[in-house]
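This report introduces a protein structure to a reader who has not met it before. The sequence and the coordinates are shown first.

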Amino acid sequence: MSVAKKIRSSIEKASWIRKMFEEGAMRKERYGPGNVFDFSLGNPNLEPPEKVKTVLKELVSSDARGMHGYMPNAGFVETRRAVAGYLSSHHNLTFDHEDVVMTAGAGGGMNVVLKALLNAGDEVVVPAPYFMEYATYIDNYNGNTVEVPTNQDFSLDHNAIEKSLGPRTKAIIINNPNNPTGKVYKEAELRQLGELLTYYGSKKGEPIYLISDEPYSKIIFNGMTCPSIFGVYPHTFLVTSFSKDLSLPGERIGYVAVHPSIEEKNMVRAALVLCNRILGFVNAPALMQRMIPFLLEDSVDAMLYQRKRDILCRGLEEGGYTFTMPEGTFYVFPKTPIPDDVEFVGSLREENILTVPGSGFGCPGHFRIAFCTDDKTIQNSLPGFARVMKKYT
Ligand SMILES: Cc1ncc(COP(=O)(O)O)c(C=O)c1O
């Protein structure tokens with residue numbers, strides 16, 4: 001047996017999202033792409049803003065020496081300075097470039113933070129439903145995932161969180177706005193979370209860290225904004241990327257920022273830089289880092305996702321589905337009319353509608369629709385959604 005047991009078993013379990021994505025490719029070949037409604041993967045269908053192309057063209061034709069060379073593992077100082085400036089102007093705090101480490105996307109950033117923090121057996125609390133990769137990332141460093149439920153409307157359940165905090169709790173991961181629910185946590189609920197962590201951290205005698213994963217923070221609807229996580233708790237890591245807001249998931253660019261007042265600041269920052277290196281990322285891609293200072297204030301047009309949400313949600317409502325209206329991201333997480341979400345997703349598949357069961361997010365009885373597809377796919381899928389619901393009601 002050559003492959004490690006843990007990896008073998010993970011391959012056998014295979015993520016639902018990936019399974020559905022592969023099923024989609026197979027069905028598109030068999031039935032034609034126009035006849036398959038693939039809502040499985042959070043791969044943005046909007047093209048990056050034009051400015052991405054303009055800036056990249058200039059960068060790739062530059063004759064400056066060292067454009068593609070190694071740099072400090074934390075990233076180019078100019079890029080980190082630009083990110084620190086952006087954070088300072090949006091979070092009402094002063095960030096230094098040393099508070100920022102450029103990473104290979106948010107996924108890379110999460111791994112860097114967890115590697116830097118976790119000792120074997122440490123617990124990381126994760127409100128469910130959640131992006132399932134968190135559990136694998138935590139397991140990468142022999143930590144234990146402690147799932148806690150959220151409220152009916154997917155807001156944070158502070159009682160459940162409080163019950164989960166104990167001497168082995170090292171951190172809590174929140175994802176704002178949330179994949180798969182589209183929920184945007186409000187400032188008051190984050191503040192209450194900060195108070196809980198402060199209380200239990202002081203009981204424990206060391207900080208319980210808050211890791212806020214925010215790659216969707218600019219994809220928010222109806223004029224809402226994502227509250228500053230740094231405003232509510234000092235022992236905080238912000239992890240984010242440009243995968244969703246600039247539609248650049250394949251380019252692997254993001255960053256981790258630490259709260260300027262985090263305890264043992266120098267050690268924490270040095271740990272992140274070391275982990276970026278020893279996880280084999282070494283540094284975030286150079287060309288993307290060079291581009292980022294020009295695009296920090298840019299984003300795809302979130303209104304286009306809002307329109308998709310509205311077409312889909314109106315249709316789902318008419319088809320008899322119940323769900324919490326997404327406030328951001330490009331996901332909606334309706335209830336299934338039967339407890340077995342895997343069976344329900346299987347019935348949708350019979351209509352060539354590909355979605356992901358809630359079990360894949362630690363929340364059975366629901367399913368996720370990723371509406372980062374073209375409007376026509378959404379529109380044309382609605383009769384199929386309605387037919388399947390009718391079968392069960
Ligand atoms: C909640 C969440 N966090 C992190 C990621 C990973 O993002 P990235 O492509 O920047 O690594 C995703 C991707 O879908 C996500 O949904």
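The sections below describe the sheet, the helices that pack on it, the salt bridges and a surface patch of this predicted model.

## The sheet

The model contains an open sheet built from 7 strands, which follow the order 2-8-7-6-5-3-4 with mixed pairing. Its edges are formed by strand 2 and strand 4 (144-149), each of which pairs on one side only. On average, neighbouring strands of this sheet are turned by 20 degrees against each other when direction is ignored.

## Strand 8 and its neighbours

Strand 8 has a partner on either side in the strand order, namely strand 2 and strand 7. With strand 2 it runs antiparallel, and 4 bridges join the two. Strand 7 is likewise joined to strand 8 in the antiparallel sense, here by 5 bridges. Residue V256 of strand 8 appears in both pairings: V101 stands opposite V256, and V239 also stands opposite V256.

How many of the 5 residues of strand 8 are buried? The count is 5 of the 5, so the strand is largely enclosed by the rest of the structure. Both of its faces are covered, with G254, V256 and V258 buried on one side and Y255 and A257 buried on the other.

## Strand 5 and its neighbours

Strand 5 stands between strand 6 and strand 3 in the order of the sheet. The pairing of strand 5 with strand 6 is parallel and extends over 5 bridges; within it, A171 stands opposite Y209 of strand 6. Strand 3 and strand 5 also run parallel, joined by 3 bridges. A171 takes part here as well, as the bridge partner of V124.

Burial is complete along this strand: 7 of the 7 residues of strand 5 are buried, so it is largely enclosed by the rest of the structure.

## Helices on the sheet

Helix 5 and helix 8 both pack on the sheet. Helix 5 touches strand 2, strand 3, strand 5, strand 6 (209-213), strand 7 (236-241) and strand 8 (254-258). The direction of helix 5 makes about 155 degrees with that of strand 7.

Helix 8 touches strand 5 and strand 6. Its direction makes about 170 degrees with that of strand 5.

## Salt bridges

The structure holds 18 salt bridges. One of them joins R269 to D99, with the closest N and O atoms 2.8 Å apart. R269 belongs to helix 9 (residues 265-278), whereas D99 lies in the loop between helix 4 (77-91) and strand 2 (100-103), so this pair ties together parts that are 170 residues apart in sequence. R269 counts as buried because its relative accessibility is 13%, and D99 counts as buried because its value is 1%.

Another salt bridge is formed by the side chains of K170 and D122, at 3.8 Å from N to O. K170 is found in strand 5 (residues 169-175) and D122 in the loop between helix 5 (105-117) and strand 3 (123-128), so that the pair links parts of the chain 48 residues apart. K170 and D122 are both buried.

A further salt bridge connects E327 with K186, the closest N and O atoms being 3.2 Å apart. E327 lies in the loop between helix 11 (302-318) and strand 9 (331-332), and K186 in the loop between strand 5 and helix 8 (187-204); the pair therefore ties together parts that are 141 residues apart in sequence. Are these two residues buried or partly exposed? E327 is buried, with a relative accessible area of 18%, while K186 is partly exposed at 32%. Through salt bridges that share partners, E327 and K186 belong to one network with D153 and K183.

## A nonpolar surface patch

V3, I7 and I11 form a nonpolar patch on the surface, and together they have about 270 Å² of accessible area. V3 is located in the segment before helix 1 (5-13). Its relative accessibility is 36%, and it therefore counts as partly exposed.

Technical notes
Residues are numbered from 1 along each chain as its sequence is written. This is a predicted model: local features need pLDDT of at least 70, side-chain atom pairs count only at pLDDT 80 or more; totals for chains, interfaces and linings use all residues. Side-chain values use heavy atoms; hydrogens and water are left out. Patches are made of residues with over 30% relative accessible area and no salt bridge: like charges are joined within 9 Å, nonpolar side chains (Val, Leu, Ile, Met, Phe, Trp, Tyr) within 5 Å. Accessible areas come from the Shrake-Rupley method with a 1.4 Å probe; for residues, only the protein chains shown count as cover. A salt bridge is a side-chain nitrogen of Lys or Arg within 4 Å of a carboxyl oxygen of Asp or Glu. Buried means under 20% relative accessible area, exposed over 50%, partly exposed in between (1.4 Å probe, protein chains only). Two strands pair if DSSP finds at least two bridges between them. Axes are lines fitted to C-alpha atoms, for helices over the stretch in contact, and angles run from 0 to 180 degrees between N-to-C directions. Contact means heavy atoms within 4.5 Å.
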